[in-house]
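Student: I would like to learn how words such as buried and exposed are justified for single residues. Could we work through a few cases slowly?

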Amino acid sequence: MVFQQDQATSTSQVTPFMEKAQAFALGIVDQVTQWATSPAFYFQIAAIAIAFTLAWLANRLLLKRVPFFSAAPTEGKMLKTRQLVYEARGILFRILSVVFLGVAANVALTSGGQDWMVRIAQGFTAIWLIYAILNRFVSNKVIQNFVRWIGIPIAVLSVLGLLDDVSAYLGGISLPLGISALQLVQLGLFGVVFFWVGRRSNDEGKKLIQRQDGLDPGTKEVFTKLFEIVLFGVIFVVVLQSASIDLTALAVFGGALGVGLGFGLQQIAANFISGIIILLDRSITIGDYIELEDERSGFLTKLTMRSATLETPDGKDIMVPNEQFITTAFTNWTHKDPRQRYEVKFTVAYDTDLDSLIEVLMPVIITYPKVLTEPEEPDIEIEQFGEYGIHMLIEFWASGIDEGENKFTADLMMLVWRTLRDHHIAMPVIYRAVAANVAEPSK
């Protein structure tokens, strides 16, 4: 009895499905029958075939007769435009097909009373054209992937007349925060497009600001960051409005975000605010040589709203959170003046004529290209009397940091050594003297 009841239940569940499937199949058969007996159907097929044939003939004629398509241009006026036209010869047939199918649709509607099949053919040909343009003329991978995986599917739905039905279905799905699935999809699509455009606009805006010679580097950096903040703030609002999202619906999300900033995102918020403070007080600017508390140092090459990038003389990048420049001490070697004072130390024997030493050594130091005479001229003086010789000190000013390509002290020490050697000025052999006084170890 139970088996019979289960079998009856299964039969009752399958019957409606079979009825729907049968009705769907009958509908398709009825539609095909109507097409087969309709003169307008065959008229549209003929119009499509004629349109593609005319496009093929026109394509061959233009490639043979038009000079722009016959040979690749290598010189002359408007060279880039002519090269672009020549590259378009590969998609000329698709362009002509879209044009002739548009004419065929008007003829089919006027003569046969229907143009839906021609319009569908024109739509798919236009998608075929877009795909060819994407592969031939667009090198940006972001744009290629966006058009290939988002733009073309939307175009296919539009051609098939299903876009409105899909939009209505997604619009009926309710999600948290008072938005629909359609609004969520629109938010993602508009977000990708507008933020990509915003990033490119931000890059061009930064270049324009950096080209303003009337602004000092610090002011340029401030305007650059303010421009970035305002630009992406406007884009964020535009994206929400484009997706038809009411800003008041984000009140709950804003509250949750505030709680998150207070706990898990407090370091991000601190770095963001510290970045704004740094930009406003100009304590560091691009190009400054900065030394941190832990003795790491480098040139400031990039300053974002989250961190600063220090490039060391050996090519490494140090990422420093903005908060560190607010809460800890650091040394900015070149903030106000790139000039620095350096020292070179050496030792000469006690029997050295120091007056003659200064007389032969000073011209060599002054003529060294990187030694400055302002704010002070270079100076040679006695640092102290050592155990094995007189310790001499050269003080000089130079522009920049004694790192990387600018090795001031290393170059000057080499000049000092050569000068002393050429003038037979002795330097004490300290290590030999020390070794002579060391007692021989007992056996």
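Tutor: Let us begin with threonine 419, which has its place in helix α15, and keep in mind throughout that this is a predicted model.

Student: Why is threonine 419 called buried?

Tutor: Its relative accessibility is 6%, and buried means under 20%, so threonine 419 counts as buried.

Student: Which residues is threonine 419 in contact with, once its neighbours within four places in sequence are left aside?

Tutor: Threonine 419 then touches Val360, Leu361 and Val364, where contact means heavy atoms within 4.5 Å. As for leucine 361, 58 residues apart from threonine 419 along the chain, the C-alpha atoms of the two are separated by 6.7 Å.

Student: What makes histidine 424 exposed?

Tutor: Histidine 424, which is found in the loop between α15 (408–422) and α16 (430–437), has a relative accessible area of 73%; exposed means over 50%, and therefore histidine 424 is exposed.

Student: How do you know that glutamate 295 counts as exposed?

Tutor: The reasoning uses that cut-off of over 50% again: glutamate 295, in the loop between β3 (289–291) and β4 (297–303), has 64% relative accessibility, so this residue counts as exposed.

Student: What is the sign of phi at glutamate 295, and what is the sign at histidine 424?

Tutor: Glutamate 295 has a positive phi of about 75°, and histidine 424 has a positive phi of about 55°, although neither glutamate 295 nor histidine 424 is a glycine.

Student: Why is a positive value worth pointing out there?

Tutor: Because most residues other than glycine have a negative phi.

Technical notes. Residues are numbered from 1 along each chain as its sequence is written. This is a predicted model: local features need pLDDT of at least 70, side-chain atom pairs count only at pLDDT 80 or more; totals for chains, interfaces and linings use all residues. Side-chain values use heavy atoms; hydrogens and water are left out. Helices (H or I, at least four residues) and strands (E, at least two) are DSSP runs, numbered from the N terminus. Buried means under 20% relative accessible area, exposed over 50%, partly exposed in between (1.4 Å probe, protein chains only).
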